[in-house]
Amino acid sequence: NTGRSQVSKPEIDYSLYLVSGRELLPEGITYLESLEQAIQGGVTVVQVREKNADTGEFLKIAQETQELCNKYNVPLIINDRIDIALAIRATGVHLGQTDMPVSVARSLLPAETIIGISCNNPEQVEKALNEGADYVGLGAVYGTATKDVTGKITGPRNVGAMLEKLDGSNVKAVVIGGIKSSNVLRTLHGSVSTTGHVLDGVAVVSDIAASKTPKDAAHNLSSIVKAFKHVS
Ligand code: TZP
Ligand code: MG
């Protein structure tokens with residue numbers, strides 16, 4: 001996002017980006033308990049993603065999530081719904097390729113709002129950059145049961161090719177899709193571009209949301225990402 005933004009934007013640490021997955025919660029833990037433990041374990045940014053909730057329900061969940069995020073000073077990003085992001089004054093919104101264009105979303109939202117977009121190939125990354133996105137979500141890097149990603153699995157090497165498009169910009173990047181503590185380190189290493197551009201973090205749903213011990217799950221991921229970022 002060069003040639004834009006005299007506006008001061010919130011600095012987000014993208015190291016461990018938790019995307020909510022309420023439908024994956026195990027027995028015996030509520031959504032808010034799981035989220036709080038995950039934040040305590042090292043989640044640095046939260047996205048509320050609700051594919052089946054009606055507007056009232058989405059709003060309520062977003063408000064409750066916002067309260068918890070405020071308590072820990074963790075930024076909150078809303079998936080898809082610009083109206084809900086506005087209503088709760090979220091830090092950001094996350095858009096997909098079939099949602100409203102970044103430039104249009106930008107014109108509706110306060111200038112300091114973070115806008116992220118999912119990208120699956122280098123052309124989409126280039127477009128996101130030109131339209132003024134603040135960050136991109138790259139993937140799905142691996143297969144996942146959390147979302148239908150048929151035909152959209154990139155593998156780490158293509159993540160590297162997408163990252164290269166961000167050279168010289170201030171646009172951040174996370175990877176998503178099938179990331180777990182067991183593959184996160186090789187994913188980070190394998191996703192470096194030929195120009196040396198590295199990921200800013202990883203986004204996960206099930207490895208944390210489906211865990212009975214979300215604090216440990218988050219801590220395992222976070223310590224690996226932080227160690228990688230420290231040396232790269
Ligand atoms: N976008 C691409 S893959 C995905 C989304 C929302 C789901 C990732 O879920 P998980 O459980 O971390 O594989
Ligand atoms: Mg979307």
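Q: Before we look at helix α6, what makes a residue count as buried here?
A: A residue is buried if 20 or more other C-beta atoms lie within 10 Å of its own. Keep in mind that this is a predicted model.

Q: Good. Which residues of α6 are buried, then?
A: Helix α6 runs over residues 155-164, and its buried residues are Pro 156, Val 159, Gly 160, Met 162 and Leu 163.

Q: Where do they sit around the helix axis?
A: Looking down the axis of α6, the buried residues fall within an arc of 165 degrees, so they line one face of the helix.

Q: Why would residues three or four places apart point the same way?
A: An α-helix has 3.6 residues a turn, so residues with that spacing point the same way.

Q: And what do the buried residues of α6 pack against?
A: Three strands and two helices, listed by element: β5 (114-119), β6 (135-139) and β7 (172-176), plus α5 (122-131) and α7 (184-190).

Q: Let's pick something in β7. Is Val 175 buried or exposed?
A: Val 175, which lies in strand β7, is buried, because 30 other C-beta atoms lie within 10 Å.

Q: Which residues does Val 175 touch, leaving out those up to four places away in sequence?
A: Val 159 is one of them, and that residue is also among the buried ones of α6. The others are Leu 138, Gly 139, Val 141, Thr 187, Ser 191, Leu 199, Val 202 and Ala 203.

Q: How far apart are Val 175 and Gly 137?
A: They are 38 residues apart in sequence, with 5.6 Å from C-alpha to C-alpha in space.

Q: Switching to ligand 1, what surrounds it?
A: There are 15 residues around ligand 1, and the closest are Thr 144, Thr 146, Gly 177, Val 205 and Ser 206. By class, this shell has 7 nonpolar, 6 polar and 2 charged residues.

Q: Which domain does UniProt annotate?
A: The unreviewed UniProt entry carries "domain: Thiamine phosphate synthase/TenI" for residues 16-208. The end C-alpha atoms of that span lie 11 Å apart, and the span is 37% helix and 19% strand.

Q: Nice. How many helices and strands are there in the protein?
A: The protein has 9 helices and 8 strands. Of its 232 residues, 45% count as buried.

Q: What about the radius of gyration?
A: The protein has 16 Å, which agrees with the value near 17 Å for a compact globule with 232 residues. Its C-alpha atoms fill a box of roughly 45 × 40 × 35 Å along the principal axes.

Note on methods
Residues are numbered from 1 along each chain as its sequence is written. Chains are lettered from A and ligands numbered from 1 in the order in which they are written. This is a predicted model: local features need pLDDT of at least 70, side-chain atom pairs count only at pLDDT 80 or more; totals for chains, interfaces and linings use all residues. A residue is near a molecule or strand if its C-beta atom, placed from the backbone, lies within 6 Å of it. Ala, Val, Leu, Ile, Met, Phe, Trp, Tyr, Cys and Pro count as nonpolar, Asp, Glu, Lys and Arg as charged, and the others, Gly among them, as polar. UniProt positions are given in the numbering used here, feature names are shortened, and annotations may be inferred rather than shown by experiment. Helices (H or I, at least four residues) and strands (E, at least two) are DSSP runs, numbered from the N terminus. A residue is buried if 20 or more other C-beta atoms lie within 10 Å of its own, exposed if 12 or fewer, and partly exposed in between; C-beta atoms are placed from the backbone. The arc is that of the directions from the helix axis to the C-beta atoms. Two residues are in contact if their C-beta atoms, placed from the backbone, lie within 7 Å. The radius of gyration is taken over C-alpha atoms; the globule rule is 2.2 Å times the number of residues to the power 0.38.
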